[in-house]
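Please read the following report alongside the sequence and the coordinates. It goes from the chain as a whole to individual side-chain pairs and then to selected residues.

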Amino acid sequence: MLYPLYRIKVEARGMAPGAHIVVYKVCWFSGCYSSDILAAMDIAIRDEVDVLSLSLGGFPIPLYEDNIAIGSFRVMEHGISIICAAVNNGPVPNSVANEAPWIATIGASPLNRRFPATVA
């Protein structure tokens, strides 16, 4: 039996007026547990989401021990795109997490740069 996860459905307005956003709460005051993260991924598959975005992770670990990589592989097999935060613990070399090849790993930069683009 899975513990109930909080699901919040909100209506978003903007570039994709038909979009729906579902939020799965997997982190608590005591931490983010792999069981909750994997359960949320299973629920996202059941909810037939199109994109799953995770701002979770820590230090890089081997793929066979990385629950986010393992769970996101299953999500990818169901045709869902996965986007994860890079979680760079730099300036230490080789400190980017969520680097599995089936995950779109996105990083941020503290530099004040702008890359304007037009969306049609």
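## Contacts and overall make-up

Among the contacts in the chain with a separation of 6 or more, 49% are accounted for by residues 24 or more positions apart. The model is a predicted one, and every value in this report should be read with that in mind. The chain contains 2 helices and 7 strands, and from the N terminus on its elements follow the order β-β-β-β-α-β-α-β-β.

Of the 120 residues of the chain, 26% count as buried. The area that the chain exposes comes to about 9,000 Å², of which carbon and sulfur atoms supply 60%.

## The disulfide and the cysteines

A search of the whole structure finds 1 disulfide, which joins Cys27 to Cys32 with an S to S distance of 1.9 Å. In general terms, a disulfide is a covalent bond between the sulfur atoms of two cysteines. The torsion about the S-S bond of Cys27 and Cys32 is about 110°, and the disulfide is therefore right-handed.

Both partners can be placed on the scale of accessibility: Cys27 is partly exposed, with a relative accessible area of 23%, and Cys32 is also partly exposed, with a value of 41%. Cys84, by contrast, counts as buried, at 1% relative accessibility.

## A salt bridge between the helices

The structure holds 1 salt bridge, in which the side chains of Arg74 and Asp42 meet at 2.9 Å, N to O. Because Arg74 lies in helix H2 (residues 67-77) and Asp42 in helix H1 (residues 34-46), the pair ties together parts that are 32 residues apart in sequence. As a general point, side chains of opposite charge can pair when their charged atoms come close.

Neither partner reaches the buried class, since buried means under 20% relative accessible area: Arg74 is partly exposed at 39%, and Asp42 is partly exposed at 37%.

## The aromatic pair

A search of the whole structure finds 1 aromatic pair. The ring centres of Phe73 and Trp102 are 4.9 Å apart and the ring planes stand at 75°, so the pair is edge-to-face. Phe73 lies in helix H2, whereas Trp102 lies in the loop between strand S6 (81-85) and S7, so this pair ties together parts that are 29 residues apart in sequence.

With regard to accessibility, Phe73 counts as partly exposed at 33%, and Trp102 likewise counts as partly exposed, at 25% relative accessibility.

## Two buried residues, Ser72 and Leu56

Ser72 is placed in helix H2 and is buried, with a relative accessible area of 1%. When residues up to four places away in sequence are not counted, Ser72 touches Met41, Ile82, Trp102 and Ile103; one of these, Trp102, is also the partner of Phe73 in the aromatic pair.

Leu56 is found in the loop between strand S5 (51-54) and H2, and with a relative accessible area of 15% Leu56 is buried. Not counting residues up to four places away in sequence, Leu56 touches Val26, Cys27, Cys32, Ile37, Ile68, Ala85, Val87 and Asn98, and this list therefore includes both cysteines of the disulfide. The C-alpha atoms of Leu56 and Cys32 are separated by 8.5 Å, although the two residues are 24 residues apart along the chain.

## Ile106 and the nonpolar surface patch

Ile106 has its place in strand S7 (residues 104-106). With residues up to four places away in sequence left out, Ile106 touches Ile83, Cys84, Ala85 and Ala86. From C-alpha to C-alpha, Ile106 and Ala86 are 5.4 Å apart in space, while in sequence they are 20 residues apart.

Together with Val51 and Ile83, Ile106 forms a nonpolar patch on the surface, and the accessible area of these residues together is about 240 Å². Ile83 thus appears both as a contact of Ile106 and as a member of the patch, and Cys84, another residue that Ile106 touches, counts as buried at 1% relative accessibility.

Note on methods:
Residues numbered from 1 in each chain as written. Predicted model: local features only at pLDDT ≥ 70, side-chain atom pairs only at ≥ 80, totals over all residues. Heavy atoms only, no water. Patch = residues over 30% accessible without salt bridge, like charges linked within 9 Å, V, L, I, M, F, W, Y side chains within 5 Å. Areas by Shrake-Rupley, 256 points an atom, 1.4 Å probe, with all protein chains shown as cover. Salt bridge = Lys/Arg side-chain N within 4 Å of Asp/Glu carboxyl O. Helix = DSSP H or I, 4+ residues; strand = E, 2+ residues; numbered from the N terminus. Disulfide = S-S within 2.5 Å. Buried < 20%, exposed > 50% of the residue type's maximum accessible area, 1.4 Å probe, protein only. Contact = heavy atoms within 4.5 Å. Phe/Tyr/Trp six-rings, centres within 6.5 Å; stacked < 30°, edge-to-face > 60°.
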